[in-house]
Amino acid sequence: MSHHPLRRMIGHASGLLLVLAACDAQAQQPVPAPVKIGFVTFTSGPAAASFGIPDRNASEILVENLNAGKVPAPYNQIGLGGAKIEPKFVDEAGSAADQVTQYRNLVERDHVDVVVGYVSSGNCLAITPVAEELKELTVLDICGTPRIFEEKPRHYVFRVNPHATMDNVAAARYVLTKMKTISVYSGINQNYAWGQDSWRDFRLAMKDLDPKATVDQALFPKLFSGEYGAEISTLLTSKSQIIHSSFFDGDLEAFIYQSAARGLPQRVPLVLTTGETSVWRLGAKLPDGTIIGERGPHSFLAHDSELNTWFRKTYVDRFSEPPTYPAYDLAQSLLGLKSAWEKAQAKKGGARPTTEEVIAAFEGIEFKTPSTTVRMALANGHQGITDTAYGTYKFDKTENKPTLVDIMRFPAECVNPPPGVDSVAWLEGGMKGAKCD
Amino acid sequence: MLTAFAILTDGLVYAAYLFLVGVGLTLIFGVMRILNVAHGSFYAYGAYAAAVAVGVYFDAGLPAAGGFLLMVLVAMAVGLVLGLIIERGVLRRVYGRDEVVVVLVTYAVFLILEDAIKLIWGPDSYALYQPLGVTGTVDVGGLVLSGYDIGLVAFAGLLAAAGSLALKRTRWGRLLTVVIFDRELAAAFGINVSVVYTATFVLGAMLGALGGAAMAPKISVTLGIGVEVIVLAFAVVVIGGLGSIDGAFIGALVVGLCRAAAVHLVPQIELFVIYAVMALVLVLRPQGLFARAQPRKI
């Protein structure tokens, strides 16, 4: 078959014209202004390695893939409602006063549309009133103190990830199911909002579930103190059957090195509510039998889904290690914001939503994440709840990798207070309304 | 009885830790009158370098004794290099300036060195767990003590004795003592104060790095470890008297034992007790337990 040269030339020319026309049409489409997001996490200091870096890593891959429209459905629309995300990263290291200054800089100097971040409960408590004052939409990320929304209702602040009450109620339920009865237990927690709240919630949950169990030692070493010889001696001479700890970062790892060398976790099982963040670094140095939490059903305990498979693969391909729960927490925070933003935008007929419209859409929203489903069920729809799980650590010597065994899952309504009830009131009232079946 | 024994052993271990991190700081202040905030960085660099080098050594399955020797050598090398660079490159240019200016300069050096850690070793944490394993444990009535901790106490004790003797019995020690008492008079008698300054700063940096290397097996070597240590080191040397090695030793012992007693008996005041001791000493003896009262020069 042959073609006439003139017809071929006309064909090529019309093809070229079509391409040019398409390009022109695309060029004339208004490009939505980017959504500026300030991401705040520890990129220096003792909490960087186990929390800040996975958090930052997750924000990098998510922003990059959301902007390219490569995240699986239902998150395959570019950026937030078609507007690309323009990230600005800020280090969370420094005092709470420093963080307030940095936050004001993000809002007033850099004019970010949303702030997503914060690992430290102390920083979250410091930032929250400033966010309300500046009327800035803020999604708190990893910090776990329940006080954020229980001290006062908030309008501009959201937290997608569940708070510390869930971790500690689930820990108590796990321990008592696994060990049947506990007569004496102790705790070692960092001496600030996170450690104190975690211990209070665990102690109250234990009191509800096993009223005969008594506390022997309640230790609160200084945050980042690094040397735990005296605390380990105190726990070694105690008759405790379990030791609860919400230690994280370098403190957790230093405590494990020092206590394992003196045989403490081999003698008394540790219950580490944030233990998963360090299992890849500790490996065989973390004794088998340690009870591990992930503050949700994340890394080891995540539900299978296309989104989770994509998230894990993308993370491992980029950073050569699996994502730990701080990475999952960031994914939940950002995807929660995206869900609310796009819901608000759809309601507005595709136009860019205002902060108030995003807030209205965010309140009470339910959305899928790589590991589970989040429901913004507490604090007038500003605080998320999820199911959670705990497991017991076992280092797989043949595969040379950490694993969790004896996994137990707990529905969200089993381990979180019901809407309208403060966590302490719920725990002191015997966890009424908990649905664990 | 077991609690009393635990308080004693825990107190000694904590005191050893405090002395190791504080002795270099007090030496530098004693001779040079510089409150060196960058001392926390010497500790951190010693810990990082030891964690990496000694970790590789143990992973190669080489004899344990060599690992401990390497730990000391690596720390000395790090201290030597950092000390020389900072003293010759930075501090030399601000001698004679107001003390506050010099403190701010060392703070700036500290911030630069903290960021340089991220460039050299990255943000991840390092573990040097092998020395804790090879030194074993001792069980005393159900209280398991770490062999490494016992070694740490012995090492700190030896270092204190050696430092004190070296200051009092050796020629270099006497030269240092002269400079500590009166720099101008020392210079007038022909002592090369400039060389003494360099040697002291380098020695102080080596001791700081040695403190970090010695603590590396017990901690997670991670960003920010130098910040925490510097506050405690200041508290200890202020109690003992800035510039006194004997004072740093006694200050570390007092703080270590008080803190251990607090953790065992009244854990709520564990943090308070360190600074309460410091405040009490400053009220009763503002120059610290061992520093001599300074005569005012007219």
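This passage walks through a predicted model with chains A and B, starting with chain A and ending with the core.

A quick word on conventions: residues are numbered from 1 along each chain as its sequence is written, while chains are lettered from A and ligands numbered from 1 in the order in which they are written. Since the model is predicted, local features need pLDDT of at least 70 and side-chain atom pairs count only at pLDDT 80 or more, whereas totals for chains, interfaces and linings use all residues.

Chain A holds 16 helices and 15 strands; helices (H or I, at least four residues) and strands (E, at least two) are DSSP runs, numbered from the N terminus. Its C-alpha trace spans about 95 × 55 × 45 Å along the principal axes. The radius of gyration of chain A, 24 Å, agrees with the value near 22 Å for a compact globule of 437 residues; that radius is taken over C-alpha atoms, and the globule rule is 2.2 Å times the number of residues to the power 0.38. Some 55% of the 437 residues of chain A count as buried. Here, buried means 20 or more other C-beta atoms within 10 Å of a residue's own, exposed means 12 or fewer, and partly exposed is in between, with C-beta atoms placed from the backbone. As for contacts in chain A between residues at least 6 apart in sequence, 69% of them join residues at least 24 apart; a contact needs two C-beta atoms, placed from the backbone, within 7 Å.

Chain A is split into domain 1 (35–162 + 304–385) and domain 2 (165–301 + 387–428), with bounds that come from an automatic or database domain assignment. Their C-alpha centres sit 26 Å apart, and 27 residues of domain 1 are in contact with 27 residues of domain 2. On the domain 1 side, α2 (48–67), α4 (121–134), α5 (147–150), α13 (325–347) and β12 (373–378) of chain A each bring at least two residues. That side is made up of 14 nonpolar, nine polar and four charged residues, where Ala, Val, Leu, Ile, Met, Phe, Trp, Tyr, Cys and Pro count as nonpolar, Asp, Glu, Lys and Arg as charged, and the others, Gly among them, as polar.

A few spots in chain A deserve a look. Most residues other than glycine have a negative phi, and most peptide bonds are trans. A:Ala73 and A:Pro74, however, are joined by a cis peptide bond with omega about 10°, and A:Pro74 belongs to the loop between α2 and β2 (85–91) of chain A. A:His111 is not a glycine, yet its phi is positive, about 55°. This residue falls in the loop between α3 (96–109) and β3 (114–117) of chain A, and A:His111 counts as exposed because it has 10 C-beta neighbours inside 10 Å. A:Asn380, also not a glycine, has a positive phi of about 55°; A:Asn380 sits in the loop between β12 and β13 (383–385) of chain A and is partly exposed, with 15 other C-beta atoms within 10 Å. A:Asp251, in helix α9 (residues 249–261) of chain A, is buried, with 27 other C-beta atoms within 10 Å. Leaving aside neighbours within four places in sequence, A:Asp251 touches A:Gln190 and A:Phe224.

Over in chain B, helix α4 (residues 99–121) has 23 residues that should span 33 Å at 1.5 Å a residue, and its end C-alpha atoms are indeed 33 Å apart; the expected span is 1.5 Å times one less than the number of residues. Buried residues of α4(B) include B:Val102, B:Val105, B:Val109 and B:Phe110, and the buried residues of this helix pack against α2 (39–59), α3 (64–89) and α10 of chain B. Right after α4(B) comes B:Gly122, with a positive phi near 80°. Helix α11 (residues 245–265) of chain B is mostly covered, with 18 of its 21 residues buried.

The two chains meet through 36 residues of chain B and 32 residues of chain A. On the chain B side, α1(B) gives the largest share, seven residues, and by class there are 19 nonpolar, nine polar and eight charged residues.

Finally, the largest nonpolar core has 236 residues, among which B:Phe19, B:Ala47 and B:Ala50 touch the most other members. Such a core is a set of buried Ala, Val, Leu, Ile, Met, Phe, Trp, Tyr and Cys residues joined through C-beta atoms within 7 Å. Once again α1(B) supplies the largest share, 19 residues of this core. Both domain 1 and domain 2 of chain A give residues to this core, so it lies between them.
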